[in-house]
Amino acid sequence: MSTFLDMGGYAAFIWPAYLVTLGVLVLNIVWARGSLARALQAARRRLASPGEDS
Amino acid sequence: MSITGTPAGVGAALTTRASCDEAAPSAPALRAARLTLARDLTLAFRKRGQLIQPLAFFALVTMLFPLAVSPELARLRAVAPGVLWVAALLASLLALEFLFRDDAYDGTLEQYALSGQSLTWLLFAKTVAHWLLTGLPLALMAPFAAMSLGVSAAAVPGIILVMIVGTIALSLIGAIGAALTLGMKRSGALLALLTLPISLPVLIYGARATELAIAGSSFIAPLELLAALAVLAVTLAPLAAAAAVRISLE
Amino acid sequence: MAAMRWTWFHRLASPPYLYALAARLTPWVAWPAALLIVGGLYAGLVLAPPDYQQGEGFRIIYVHVPSAWMSLMVYVTMGVAAAVGLIWRMKVAHAVAASCAPIGASFTVAALVTGSLWGKPMWGTWWEWDPRLTSELILLFLYLGFMGLRAGFDDTQRADRAGALLAVVGMVNVPIIHYSVIWWNSLHQAPSVMRFGKPTMPAAMLAPLLVLLLGFSLFFAAVLLVRVRAEILQRERAARWIGETLRA
Amino acid sequence: MSVNHLEAENLQLWRGDRHVLKGVAFGLGRGECLQVTGANGAGKTTLLRTLCGLMVPEEGRVLCEGRDVRADLPAFHSSLMYLGHEAPLKADLTARENLYYWIGVRRRIAMAGLDAALARVGAAAWCERLVRTLSAGQKRRVALAGLALMFAPLWLLDEPTTNLDAEGQQVVGALMAEQLARGGAIVVATHQQLPAAVHAARILELAP
């Protein structure tokens, strides 16, 4: 296991690289879901209070 | 452009035909473009102060390098092509803000868009005027800046030639960015962010051609690539700028 | 006949249809993406043999290349969507283009960081003016310019159209920028050590990479579908179908 | 007269969240004048800009002589004259130069015609002065001279009488009456009374 984690001495470069990429993937999921949730919330608010447009 | 100067009699004969049923005879596209060019040049010479700004800026930026790097001409000569092109790129960026701004404020662009003439063509004429007022003076001033950086006088014709071709491309590419940022209150930084990345090829080939010209070797290869960029910009940039202006009028 | 063939296009252009379609498709894209990415990373880290030159260090390829590939693919998707939006004045195409930019920019950042982390053991410096990394950096500025321009407009329609025009201009320019950077680089230094797509790459090394490329592409599609729904909701504020969809 | 010169069909336009044009429709024959009224912000300017093709409605279309104007915008544009509430004048050119460059881009003009138009709007005395030295009313008169020079079948005027004194308003009235008499059509957006010489065939009131 420790030889796997050591990555032939390249651990200091490989693991940060993988972490950064995974972080970007996770951030994308969070951002996308967040923006959809916000848009849905705004749409529900507009539906609840009948505005001037419709 | 001078071939379009038709005798006044033809124009007069045409105007008498105007009636309510048909539109008045429209001016040919070349004449419309020539008038636009003439108007912009006249205006620029009425406000000479604005003309000097990009040139002063160019001179200042060039002057920063001896102060920041070293006054040794040998070292300056090595970085001279880069200095000249970075300064030229920034100076032309500075001048871009004036390209369409006044015409957008007072409704001239709107009238151009509704003139029945090709907006692409009119904006091309405006960009040509802009190049004559900023790009060409920069190209003519570049040798003086170069010589202050230790470049020998033999390289002067080459530097002017490369600068002329490069500034044509820069003005046209910049016109797209200037048209896209119309109608924004503070557009300076955004204009730079939009324009600089797509201007990089001009910088690369221009600086390389200048480097070769300074070294006294043949700079045909990068100059050809630079000219290809300029031709591409001449054909495509006015189209994109016209589309951007129409969007800004919506 | 011609009209029949174009109906799918017109249906896609209808916001309620695309909204519902995106909602239905998302899980079908997201789960395969997750499986492929997890499987690909495992294969890349464990199953693939070490490189005879770079040893274990080459394993960064499995995150760097998919990120770099996505940064370009997202830009092309954005440019195509933008062109469609401009030409046919199609709202949902603008929604797609606007959704692409943050995704693409984040992949570009990932490609830059992993490239730098790969560069340190290979070149001995964190940053090398390698043509690929330089192009990637310029691409990041193109994305930032697109997002900055959109943010500069208050009105969504104008932001859409101006941004779309910039995206199309950028798409024309990306190959020009890329080749001039390669040309510039060839003058100043020897070809870099980072060479991809070597025909000698053994299948055991190549397979995880291909799996990951597919996985990342599906991941992009899944995130895009979610984001597009949000953008459509924003653009169609006053439309009646939103009420019907949400109450259903 | 079977086909109207200008026709608007169910124009719908949103600006952000605001529904500005809510199904505007009208027909306008030759020699007729349509007055568009409504409070500030009711969409008068937006309607004019939509009619002339600067803005694209989300639904509906504009027809000129029975043809959709989007099919050939340059031809439509050369048959119309749009005058916004700001005259497209440059502060650093004289009134005469401004007029020459502005109208010259659209059509050929003889200098004599230019001077006649300037004289007609009462600008002969100061037409060689730089526009930056002129008053708002004088600038408006220069814009009117431009109108006098354009024999376009369709005029779209946005508040043409702003800043004008009684005499200036009479000039506007005379120009509009002339345009109608030669069979031209006018769409004028104003919340003021039209000059006495002009009779609006119909009035379109936009609700905010």
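Which residue in S8(D) is the bridge partner of D:Asp158? In S8(D), D:Ala189 takes that spot. This is a predicted model, where local features need pLDDT of at least 70, side-chain atom pairs count only at pLDDT 80 or more, and totals for chains, interfaces and linings use all residues. Residues are numbered from 1 along each chain as its sequence is written, while chains are lettered from A and ligands numbered from 1 in the order in which they are written.

**View 1. Strand S8 (residues 185-189) of chain D, boxed in by the rest of the structure.** Here 5 of the 5 residues are buried, so S8(D) is largely enclosed (buried: 20 or more other C-beta atoms within 10 Å of a residue's own, with C-beta atoms placed from the backbone; strands: DSSP E runs of at least two residues, helices: H or I runs of at least four). D:Ala185, D:Val187 and D:Ala189 sit on one side, D:Ile186 and D:Val188 on the other. In a regular strand the side chains alternate between the two faces of the sheet.

**View 2. The parallel partners of S8(D).** Strand S3 (residues 33-37) of chain D pairs with S8(D) over 4 bridges (pairing takes at least two DSSP bridges), and D:Cys33 stands opposite D:Ile186. Strand S7 (residues 154-158) of chain D pairs with S8(D) over 5 bridges.

**View 3. An open antiparallel sheet in chain D, ordered S2-S1-S4-S5.** Strands S2 (18-28) and S5 (67-68) each have a single partner strand, so one side of each lacks a neighbour in the sheet. Strand S1 (residues 6-15) joins S2(D) through 8 bridges, with D:Leu6 partnering D:Leu28.

Technical notes:
Buried ≥ 20, exposed ≤ 12 C-beta atoms within 10 Å, placed from the backbone.
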